[in-house]
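Hi everyone, thanks for coming. I'd like to walk you through a structure that may be new to you, so please have a look at it first.

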Amino acid sequence: MAEVAFEQVQKSFGAVQVLKQIDLTVRDGEFLVLVGPSGCGKSTLLRALAGLEGVTRGRILIDGRVVNNLPPKDRDIAMVFQNYALYPHMSVLENLTFALKLRELKPAEIDSRAREAASILGLENLLDRYPRHLSGGQRQRVAMGRAIVRDPKVFLFDEPLSNLDAKLRVQMRAEIRALHQRLKATTVYVTHDQIEAMTMADRIVVLNGGTIEQVGAPLDLYDDPDNLFVASFIGSPAMNLFTGHYASTADGARVRIGDVMLPAPRVHAADGQSVTIGMRPEHLELSDADGFAFTVNVVEPTGAATELFGAVAGAPCCVTVNGRSGLRPGALARLRAAPGHVFLFDPDSGRRLR
């Protein structure tokens with residue numbers, strides 16, 4: 001295990017700056033997830049750590065050692081790729097042992113490591129098969145096993161579940177997390193799927209446009225986003241965003257949505273200031289009388305809950321209702337916001353108003 005540090009790391013491809021001043025520490029034994037939209041720089045940052053990309057400026061350290069000029073094989077890392085990168089002409093056992101043979105380890109140690117990894121991942125009965133005879137989930141396990149046998153200081157995962165179907169993704173998420181809890185190895189995991197990030201990470205790094213927007217534990221980012229980007233990116237369905245105006249009164253603060261005033265946190269804002277109001281779908285509830293008007297356009301039952309999509313004051317709105325709902329498309333309803341769950345943002349800078 002090892003600590004990983006990025007110090008003022010920048011990366012440019014010609015005139016395009018992909019990473020802009022990245023300062024980040026991955027703690028020893030931590031499962032850290034890099035998440036963000038396509039093109040945000042998360043895979044470039046991972047590849048720089050792996051030694052597959054150089055950096056334009058800054059330093060990368062693994063266990064206190066600067067590795068900028070070290071080739072990948074000397075960084076003591078193991079990487080699991082999105083496309084598995086298995087050798088098709090080799091059996092599962094040969095795929096697991098190939099890198100160890102290149103390192104000229106003793107045959108007994110090679111066999112011991114391979115069979116231990118196979119036991120951890122449930123591959124004991126597949127050692128003689130070839131990749132073409134394996135399912136997607138089995139191939140992913142072999143790719144992980146090939147990383148485990150190397151006993152690296154740092155594990156790197158580059159969107160390893162993207163090629164799997166929905167059910168298998170859920171299963172493999174749990175398996176990778178259980179593997180980390182067993183090995184306690186420092187892990188950096190890249191994904192564009194915020195659900196993966198929320199369910200797997202010790203800490204999440206939200207990247208956007210080559211910069212770090214916020215770093216924190218999953219629920220900290222969900223409950224206390226620093227800006228509009230993090231608030232709208234973390235959470236599914238996404239946070240509802242409305243345009244309104246802030247008012248401070250003797251008995252508390254209010255915001256206006258359409259023709260309705262609702263309680264809001266007291267923040268540093270001027271009376272009448274335009275604000276962006278954020279409310280998560282599960283923090284909105286249907287009301288019999290008071291509240292702001294909501295027009296239902298689409299009803300999506302999921303079994304345990306129902307998601308209602310519609311509009312409030314001309315803005316898109318989603319409401320999550322526990323259980324079943326009798327509302328149908330075209331229905332008119334009233335909504336209330338759960339106390340303490342209204343977020344206010346500056347509409348120009350996107351920063352959270354506090």
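Let's start with the aromatic rings: this predicted model has 5 aromatic pairs. How far apart are the ring centres of Phe31 and Tyr189, and at what angle are their planes? The centres are 5.7 Å apart and the planes are at 35°, so this pair counts as tilted. If you look for the two residues in the model, you'll find Phe31 in strand S3, residues 31-35, and Tyr189 in strand S8, residues 186-191. The pair therefore ties together parts that are 158 residues apart in sequence. Are these two residues buried or exposed? Phe31 and Tyr189 are both buried.

Now compare that with Phe229 and Phe233. Their ring centres are 5.6 Å apart and their planes are at 15°, so this pair is stacked. Here both partners belong to helix H8, and they are 4 residues apart, about one turn of the helix. Phe233 is buried, at 17% relative accessible area, because the cut-off for buried is under 20%. And back to Phe31 for a moment: ring pairs link it with Phe157 and Tyr189 into a cluster.

Rings can also have a charged neighbour over the face. Arg132 sits over the face of Tyr130, 5.1 Å from the ring centre. Arg280 does likewise with Tyr222, at 3.9 Å from the ring centre.

Next, let's go inside. How many cavities of 30 Å³ or more are there? The count is 1, and the volume of the largest cavity is about 70 Å³. You'll meet some familiar names in its lining, which includes Phe31 and Phe157. The rest of the lining is made up of Phe155, Ile176, Leu179, His180, Leu183, Ala185 and Thr187. Which elements give two or more residues to this lining? They are strand S7 (154-158) and helix H5 (166-183). Helix H5 gives the most, with 4 residues. As for character, the lining residues divide into 7 nonpolar and 2 polar, with no charged ones.

Now for some backbone details. Most residues other than glycine have a negative phi, and most peptide bonds are trans. With that in mind, please find Asp63, which is not a glycine and yet has a positive phi of about 55°. Asp63 is in the loop between strand S4 (57-62) and strand S5 (65-66), and at 43% relative accessibility it counts as partly exposed. Glu104 is another residue with a positive phi, near 60°. Its place is in the loop between helix H2 (92-102) and helix H3 (107-121). Glu104 is exposed, with a relative accessible area of 69%.

Where is the cis peptide bond at Pro237? It joins Ser236 and Pro237, with omega about 0°. Pro237 lies in the loop between helix H8 (228-233) and strand S11 (240-249), so if you follow the chain on from the stacked pair in H8, that loop is where to look.

Finally, a word on the record. An unreviewed UniProt entry annotates residues 4-234 as "domain: ABC transporter". In the model, the end C-alpha atoms of that span lie 25 Å apart, and the span is 37% helix and 26% strand.

That's my tour, and I'm happy to go back to any part of it.

Key
Residues numbered from 1 in each chain as written. Predicted model: local features only at pLDDT ≥ 70, side-chain atom pairs only at ≥ 80, totals over all residues. Heavy atoms only, no water. Buried < 20%, exposed > 50% of the residue type's maximum accessible area, 1.4 Å probe, protein only. UniProt positions renumbered as here; feature names shortened; annotations may be inferred. Phe/Tyr/Trp six-rings, centres within 6.5 Å; stacked < 30°, edge-to-face > 60°. Lys NZ or Arg CZ within 6 Å of the ring centre and 35° of its normal. 1 Å grid on protein atoms, 1.4 Å probe; cavity = no way out; pocket = protein on both sides within 12 Å on 5 of 7 lines; lining within 4 Å. Points joined across faces, edges and corners; volume = space filled by probe spheres on them. Nonpolar A, V, L, I, M, F, W, Y, C, P; charged D, E, K, R; others polar.
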